[in-house]
Amino acid sequence: MKRLLSKIFSINQIQVVGVYQDANFENYEVLSLMKDNNKLTVLKKEVTNDKNRLITLIDVKKPVVLLLNGKSVLNKKIDFSNESDLAWQKNIDYNSIFHTSYKAEKALFVSFCRKNVLEDWLIFFQENKIQVIDFYLGNFATSILKEQLNQSNIFSNSTELIFNENELVDFLKNEVVPITDYLIGEEKLNSFSLPTYASGINFFIKSDRITKSVLDIANIEEQLYKKAFNVIGIIILIGFFISLLISYFGIQYYASKNAELNIQNIYSNKAFQEIVDLENQKKDKEAIIKDVGLLSNKFLTYYDYELLQSIPNEILLNNININPIKNEVKNNKKIELSAGLIEIEGLTVDEVAFNNWLKRIKEFDWVQKFEIESLKKDKKNNTQFSILIKIK
């Protein structure tokens with residue numbers, strides 16, 4: 001469940017609270033960070049020397065990652081080739097301390113403090129209703145920024161980190177705390193802000209070189225459930241409001257539709273009869289138009305023009321009849337037309353010209369087919385013909 005929530009409701013904004021306490025000096029810093037895809041942005045940076053004012057700088061609605069530094073935090077280099085260092089590491093009682101470790105190629109750098117030191121700070125924040133979800137100790141987490149800084153010596157709070165070819169090899173404790181500015185991308189940070197910023201980065205990316213103690217309190221899980229509850233609650237509230245809005249407009253819409261239907265029902269018989277009459281009139285008019293052949297996409301004169309243009313001098317037309325009458329015209333009898341037909345009668349003195357003319361007619365795009373109804377010679381040796389053309 002926790003894994004599912006962490007994918008859906010991931011924490012993308014945190015406040016890293018850096019605490020540095022020495023014998024004669026105190027420094028408290030609040031760094032608000034936002035992760036957007038692979039970019040980390042500093043939203044706000046606040047610094048104070050007053051522990052009580054620190055509380056006013058923290059937004060209680062956002063989770064806090066705590067970084068402890070100074071007199072209560074000890075630092076140790078464990079050389080993997082040194083037997084005494086390895087023996088010291090084996091004798092560490094991890095039940096009595098909290099630690100943050102950075103693993104280099106040839107050594108392990110450990111920052112640790114007694115449990116009560118960190119627990120006192122957790123109680124302090126809890127009393128002020130501030131939710132701490134994670135913690136870091138010391139300055140060795142700054143090592144994950146070595147490639148961006150590209151320097152052999154980096155000042156992180158009062159600690160000077162020494163690198164050789166981007167690998168942490170040693171550190172020095174400075175009595176005088178030097179304040180040095182560094183530029184990481186578009187962010188300008190000083191030596192006090194550097195470990196705070198690095199702790200925030202590691203919270204999001206979880207470098208495999210950094211290991212640390214785990215808090216017994218399930219604050220991260222609590223934050224996930226809290227965020228999930230808030231988001232789901234807002235979604236449900238918005239969904240409920242939208243449902244009410246849809247319901248209201250739906251009622252108004254269907255009420256108006258019901259009124260329209262009631263009015264339509266009153267006049268339905270009359271309206272229906274009028275529609276039937278209009279449909280019948282439409283069918284009658286379409287039948288008349290079809291009978292006279294006016295449903296073609298071309299005017300009747302177009303066929304006359306095409307045929308007359310195509311006639312050679314050797315052919316004489318006697319008659320062109322488009323949509324000819326089927327039967328003899330009589331009183332009180334419906335005239336029936338042969339829609340889509342053209343009758344052509346004429347004579348020719350040249351059969352070759354006549355055949356070429358027929359081929360030309362056949363090539364017209366509006367001709368579906370044609371038939372030679374009659375073909376005979378008269379007394380003057382002229383060929384009389386009758387052709388029937390069907391229009392597409």
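1. Let me start with the first hairpin. In this predicted model, Gln21 stands opposite Glu26 of β2. Strand β1 covers residues 13-21 and strand β2 covers residues 26-36, and nine antiparallel bridges join them. Four residues lie between β1 and β2 in this hairpin.

2. The chain then turns again. Strand β3, residues 39-48, pairs with β2 over nine bridges, also in the antiparallel sense. Here Lys35 faces Leu40 of β3. What sits between β2 and β3, and which residue there has a positive phi? The hairpin has two residues between its strands, and Asn37 in the turn has a positive phi of about 60 degrees. That backbone angle is a handy one to look up when you have the coordinates open.

3. Next comes a sheet of four strands. It is open, its order is β5-β7-β6-β14, and the pairing is antiparallel. Why do β5 and β14 each have one side without a neighbour in the sheet? Both β5 (74-79) and β14 (210-212) stand at the edges with a single partner strand each, so one side of each has no neighbouring strand. From one strand to the next, the twist averages 20 degrees. Helix α3 (residues 83-90) packs on this sheet and touches β5 and β7 (107-114), with its direction at about 125 degrees to that of β5.

4. A closer look at the β14 edge may be useful. Three bridges join β14 to strand β6 (residues 97-103), and the two run antiparallel. Within this pairing, Tyr102 stands opposite Ile210 of β14. As background, strands of a sheet pair through backbone hydrogen bonds, either parallel or antiparallel.

5. There is also an open sheet of three strands, ordered β9-β10-β11 with antiparallel pairing. Its edges are β9 (153-156) and β11 (167-173); each has a single partner strand, so one side of each is left free of a neighbour in the sheet. The twist here averages 25 degrees from one strand to the next. Four bridges connect β9 with strand β10 (residues 159-164), the two running antiparallel, and Ile154 stands opposite Leu161 of β10.

6. Now to the charged side chains. How many salt bridges does a search of the whole structure find? The search finds seven, and three of them are taken up here and in the next two points. Lys76 forms one with Asp85, where the closest N and O atoms are 3.7 Å apart. Are the two partners buried or partly exposed? Lys76 counts as partly exposed because its relative accessibility is 25%, whereas Asp85, at 11%, counts as buried. The cut-off for buried is under 20% relative accessible area.

7. Lys212 and Asp134 meet through their side chains in another salt bridge, at 2.7 Å from N to O. This pair links distant parts of the chain: Lys212 belongs to strand β14 and Asp134 to strand β8 (residues 132-137), with 78 residues separating them in sequence. Asp134 is buried, its relative accessible area being 9%.

8. The third pair is local to one helix. Glu260 and Lys257 form a salt bridge whose closest N and O atoms are 3.8 Å apart. Both residues lie in helix α7, three residues apart, about one turn of the helix. Glu260 is partly exposed at 39% relative accessibility, and Lys257 is partly exposed at 33%.

9. Helix α7 also brings us to the nonpolar surface. Which residues form a nonpolar patch there? The patch consists of Ile234, Ile238, Phe241, Ile242, Leu245, Ile246, Tyr248 and Phe249, which together have about 840 Å² of accessible area. Tyr248, one of the patch residues, is placed in helix α7, which spans residues 219-266.

10. Finally, a look at Phe124 in helix α4, residues 115-127. This residue counts as buried because its relative accessible area is 15%, below the cut-off of 20%. Leaving aside neighbours within four places in sequence, which residues is Phe124 in contact with? The contacts are Lys51 and Ile55. Phe124 and Ile55 are 69 residues apart in sequence, and their C-alpha atoms are 9.7 Å apart in space.

Technical notes
Residues are numbered from 1 along each chain as its sequence is written. This is a predicted model: local features need pLDDT of at least 70, side-chain atom pairs count only at pLDDT 80 or more; totals for chains, interfaces and linings use all residues. Side-chain values use heavy atoms; hydrogens and water are left out. Patches are made of residues with over 30% relative accessible area and no salt bridge: like charges are joined within 9 Å, nonpolar side chains (Val, Leu, Ile, Met, Phe, Trp, Tyr) within 5 Å. Accessible areas come from the Shrake-Rupley method with a 1.4 Å probe; for residues, only the protein chains shown count as cover. A salt bridge is a side-chain nitrogen of Lys or Arg within 4 Å of a carboxyl oxygen of Asp or Glu. Two strands pair if DSSP finds at least two bridges between them. Axes are lines fitted to C-alpha atoms, for helices over the stretch in contact, and angles run from 0 to 180 degrees between N-to-C directions. Contact means heavy atoms within 4.5 Å. Buried means under 20% relative accessible area, exposed over 50%, partly exposed in between (1.4 Å probe, protein chains only).
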